[in-house]
Amino acid sequence: MRIAIIITAILCATSALSASLHVQDADTIVVDGTAVRLNGVDAPELKTSAGKDAKRWMVSFLRDKAINCDLNGERTYDRWVGVCFADGEDIGAAVIAAGHALDCRRYSGGRYRVLETAAARSRTSGQGTAINRQTWRMYRAPA
């Protein structure tokens, strides 16, 4: 019985499936009241027009999708850190591929680097570029 409780506590601490969602900005979402910083995503601040565009894109992208987050146990500025999925798609990969954020190599290990757009690097446009399906599949939730 004690082992089952411990395992349940560990699972609850490392994964969250959303019933409610709020987008703070393009690299922080609140899932069922828990703020989650998207690991490896560097999005523009909300005080900029690029940050506002990125948040609008994120709200639209996540609308009516099931959100699941795998938390790594780290915290930053009162937020848990993790990789989140929307209907099985890596949210960090999606926002970067759409041109609204950059890969933060220090934390991602470079896993999103191939998805960065020139527009995001220059912060002159929110328009993403197409990527091939094989590359995109690498960023789907594990089966």
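1. Let me start with Leu62, which counts as buried at 3% relative accessibility. Bear in mind throughout that this is a predicted model. Leu62 lies in helix H2. Setting aside its neighbours within four places in sequence, Leu62 is in contact with Leu21, Val23, Ile29, Ile67, Ala86 and Ile91. One of these partners, Val23, is 39 residues away in sequence, and the C-alpha atoms of Leu62 and Val23 are 8.8 Å apart in space.

2. Leu62 also leads into the interior of the protein. The largest nonpolar core has 28 residues, and Leu62 is among those with the most contacts inside it, together with Ile29, Met58, Ile67, Cys69 and Ile91. Strands S3 (28-31), S4 (34-38), S6 (67-76) and S7 (79-86) each give two or more residues to this core, as do helices H2 (49-62) and H3 (91-97). Which element gives the most? That is H3, with six residues. As general background, nonpolar side chains in soluble globular proteins tend to be buried together.

3. Helix H2 deserves a look of its own. Does the distance between its ends agree or disagree with its number of residues? At 1.5 Å a residue, the 14 residues of H2 should span 20 Å, and the end C-alpha atoms are indeed 20 Å apart, so the two agree.

4. Now for the sides of H2. Its buried residues are Gly51, Ala54, Met58, Phe61 and Leu62. Viewed down the axis of H2, these buried residues fall within an arc of 90°, so they line one face of the helix. The general background is familiar: an α-helix has 3.6 residues a turn, so residues three or four places apart point the same way. On the other side of H2, Ser49 and Arg56 are exposed. Just after H2, Asp64 takes a positive phi of about 65°.

5. The cysteines come next. How many disulfides does a search of the whole structure find? There is one, and it joins Cys69 to Cys84 with an S to S distance of 2.1 Å. Cys69 lies in strand S6 and Cys84 in strand S7, so the pair ties together parts that are 15 residues apart in sequence. The torsion about the S-S bond of Cys69 and Cys84 is about 110°, which means that the disulfide is right-handed.

6. Are these two cysteines buried or exposed? Cys69 has a relative accessible area of 0% and is buried. Cys84 is buried too, with a relative accessible area of 1%. Recall that Cys69 is also among the residues with the most contacts inside the largest nonpolar core.

7. Staying with strand S7, please look at Val81, which is found there. Val81 is buried, because its relative accessible area of 8% falls under the 20% cut-off. Not counting residues up to four places away in sequence, Val81 touches Arg37, Asn39, Asp70, Leu71, Asn72, Gly73, Glu74, Arg75 and Thr76. The C-alpha atoms of Val81 and Ala35 are separated by 8.5 Å, although these residues are 46 apart along the chain.

8. Two loop residues are worth checking for their backbone angles. Asp32 lies in the loop between S3 and S4, and its phi is near 50°, a positive value in a residue other than glycine. At 36% relative accessibility, Asp32 counts as partly exposed. Asp87 sits in the loop between S7 and strand S8 (89-90). Asp87 is not a glycine either, yet it has a positive phi of about 50°. With a relative accessible area of 45%, Asp87 is partly exposed.

9. Finally, some overall figures. The secondary structure comes to six helices and nine strands. Of the 143 residues in the protein, 39% are buried. Among contacts with a separation of 6 or more, 55% are between residues 24 or more positions apart. The protein exposes about 8300 Å², with carbon and sulfur atoms supplying 53% of that area.

Note on methods: Residues numbered from 1 in each chain as written. Predicted model: local features only at pLDDT ≥ 70, side-chain atom pairs only at ≥ 80, totals over all residues. Heavy atoms only, no water. Core = buried A, V, L, I, M, F, W, Y, C linked by side-chain atoms within 4.5 Å. Buried < 20%, exposed > 50% of the residue type's maximum accessible area, 1.4 Å probe, protein only. Helix = DSSP H or I, 4+ residues; strand = E, 2+ residues; numbered from the N terminus. Expected span 1.5 Å × (residues − 1). Arc of directions from axis to C-beta. Disulfide = S-S within 2.5 Å. Contact = heavy atoms within 4.5 Å. Areas by Shrake-Rupley, 256 points an atom, 1.4 Å probe, with all protein chains shown as cover.
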